[in-house]
Amino acid sequence: MPGNDVVGVTGNMSLGNMFCSRCGDGFEPHEKIVNSNGELWHTQCFVCAQCFRPFPDGTFYEFEGRKYCEHDFHVLFAPCCGKCGEFVIGRVIKAMNANWHPRCFRCEDCSKELADLGFIRNQGRALCHECNAQAKAVGLGKYICHKCHGVIDDKPLRFRGEVYHPYHFNCASCKVELNSDAREVKSRPGFTSNEMNELYCLRCHDKMGIPICGACRRPIEERVVTALGKHWHVEHFVCAKCEKPFLGHRHYEKKGLAYCETHYHQLFGNLCFVCNQVIAGDVFTALNKAWCVHHFACSVCDQKMNQKTKFYECDLKPVCKKCYEKYPAELRRRLRKTHEATPKKAAV
């Protein structure tokens with residue numbers, strides 16, 4: 001424990017029965033004497049038991065009958081905090097195989113001080129009771145009620161961004177106890193702000209005529225997208241392939257699903273044989289391939305061709321009539337024998 005010395009002058013006091021607690025010698029008349037808890041010391045004897053230096057400002061720490069300066073006491077006896085690494089003076093929290101300042105021993109999830117709350121060891125982490133319950137629920141694939149902090153065994157009720165046991169609430173209209181099918185209404189035309197964010201049972205909610213999102217099954221209080229025979233939140237109406245919201249852009253429907261233009265054509269449309277891009281406009285089909293209008297050209301002279309241009313097939317590529325006639329006669333004879341040299345036309 002820390003203490004302070006009391007330095008006094010003997011004056012005319014009798015020194016016959018007064019001896020220094022350290023060296024055992026007596027005191028000289030008018031000599032300054034240190035009185036510490038009833039023990040007397042020469043000023044030069046009243047020093048740290050470790051470094052033998054006087055105590056700064058007269059402050060010392062006593063342990064097992066020996067006195068130490070603050071520095072040596074910390075080094076010899078004070079534990080180090082497991083978080084900040086500083087010496088712990090005063091109250092020490094011993095937990096998790098370490099020592100802590102009370103302010104440093106906190107829940108590793110919510111950072112609450114645990115010194116007076118208590119804690120639970122969870123996979124090597126110190127957690128408060130609430131965070132431990134949440135971690136346990138996550139491990140079980142369940143939710144924690146935001147109100148009572150208990151595990152939700154059945155389906156939770158979502159309200160104002162949190163999850164609850166449904167039985168904590170009643171319908172704002174008929175007052176019946178709610179279940180997980182309850183609907184949260186955030187805003188409605190003609191209602192003031194203090195009437196927002198109310199919970200209704202499914203029956204009362206259906207009477208209000210608020211559309212339900214086809215994706216999340218939650219009420220739609222703001223902008224509504226109507227497509228595929230359903231209503232959608234704007235951010236929930238997405239491409240069935242890439243799952244990106246359309247956000248007002250054109251969509252394509254196929255077998256009850258919506259696709260963006262790119263993935264609709266990739267899955268059900270045509271890609272150009274030359275550029276490998278989606279063909280959004282007219283498609284030239286020839287030689288069992290598809291072509292953009294501006295990419296359908298002779299493979300020899302690169303002359304653009306259209307649906308009226310006659311061409312021949314050579315090595316599975318189109319060749320215009322002019323270039324074909326420049327081929328050696330023997331090559332044309334072999335091509336004619338293979339393909340019967342029938343001029344072809346592209347189809348649009």
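Colleague: What share of the 348 residues of the protein chain counts as buried?

Modeller: The share is 36%, where buried means under 20% relative accessible area, exposed means over 50%, and partly exposed is in between, computed with a 1.4 Å probe and with protein chains only. This is a predicted model, in which local features need pLDDT of at least 70 and side-chain atom pairs count only at pLDDT 80 or more, whereas totals for chains, interfaces and linings use all residues. Residues are numbered from 1 along each chain as its sequence is written, and side-chain values use heavy atoms, with hydrogens and water left out.

Colleague: How many helices and strands does the protein chain have, and what makes a run of residues count as one or the other?

Modeller: The protein chain has 6 helices and 24 strands; both are DSSP runs numbered from the N terminus, a helix being H or I over at least four residues and a strand being E over at least two.

Colleague: Why is isoleucine 212 called buried?

Modeller: Its relative accessible area is 17%, which is under the 20% limit, so isoleucine 212 belongs to the buried class. This residue lies in the loop between helix 3 (202-207) and strand 17 (224-227).

Colleague: Which residues is isoleucine 212 in contact with, leaving aside its neighbours within four places in sequence?

Modeller: Taking contact as heavy atoms within 4.5 Å, the partners of isoleucine 212 are Arg183, His205, Arg217, Arg218, Pro219, Ile220 and His231. As for valine 224, its C-alpha is 9.5 Å from that of isoleucine 212, with the two positions 12 residues apart in sequence.

Colleague: Which residues of helix 4 are buried, and what do they pack against?

Modeller: In helix 4, residues 261-268, the buried ones are His263, Tyr264 and His265, and the buried residues of this helix pack against strand 19 (252-254) and strand 20 (257-259).

Colleague: Why is the pair of phenylalanine 105 and phenylalanine 119 called edge-to-face?

Modeller: A pair of aromatic rings is described by the distance of the centres and the angle of the planes. Rings of Phe, Tyr and Trp (its six-membered ring) pair if their centres lie within 6.5 Å, and planes under 30 degrees apart count as stacked, over 60 as edge-to-face and the rest as tilted. By this rule there are 16 aromatic pairs. For phenylalanine 105 and phenylalanine 119 the centres are 5.1 Å apart and the planes are at 90°, so both conditions are met and the pair is edge-to-face. It links distant parts of the chain, although both residues are in the loop between strand 8 (98-100) and strand 9 (120-122), 14 residues apart. Phenylalanine 105, at 2% relative accessibility, counts as buried, whereas phenylalanine 119, at 31%, is partly exposed.

Colleague: What makes the pair of tyrosine 324 and tyrosine 327 tilted?

Modeller: Their ring centres are 6.0 Å apart, but the planes are at 55°, so the angle fits neither the stacked nor the edge-to-face limit and the pair is tilted. Both tyrosine 324 and tyrosine 327 are buried.

Colleague: How do you know that the charged end of lysine 289 sits over the ring of phenylalanine 273?

Modeller: The definition asks for NZ of Lys or CZ of Arg within 6 Å of the ring centre and within 35 degrees of the ring normal, and the charged end of lysine 289 is 5.0 Å from the centre of that ring. Phenylalanine 273 also belongs to a cluster in which ring pairs link Phe273, Phe284, Trp291, Phe296 and Phe311.

Colleague: Why is the meeting of glutamate 62 and lysine 67 called a salt bridge?

Modeller: A salt bridge is a side-chain nitrogen of Lys or Arg within 4 Å of a carboxyl oxygen of Asp or Glu; the N to O distance here is 3.8 Å, so the pair qualifies. Glutamate 62 is partly exposed at 28%, whereas lysine 67 is buried at 6%. The structure holds 6 salt bridges, including the one between glutamate 113 and arginine 106, whose closest N and O atoms are 3.3 Å apart.

Colleague: Where in the chain are the partners glutamate 130 and lysine 112?

Modeller: The salt bridge between glutamate 130 and lysine 112 has its closest N and O atoms 3.6 Å apart. Glutamate 130 is in helix 2 (residues 129-139) and lysine 112 is in the loop between strand 8 and strand 9, 18 residues apart, and the pair links distant parts of the chain. Relative accessible areas of 31% for glutamate 130 and 36% for lysine 112 make both partners partly exposed.
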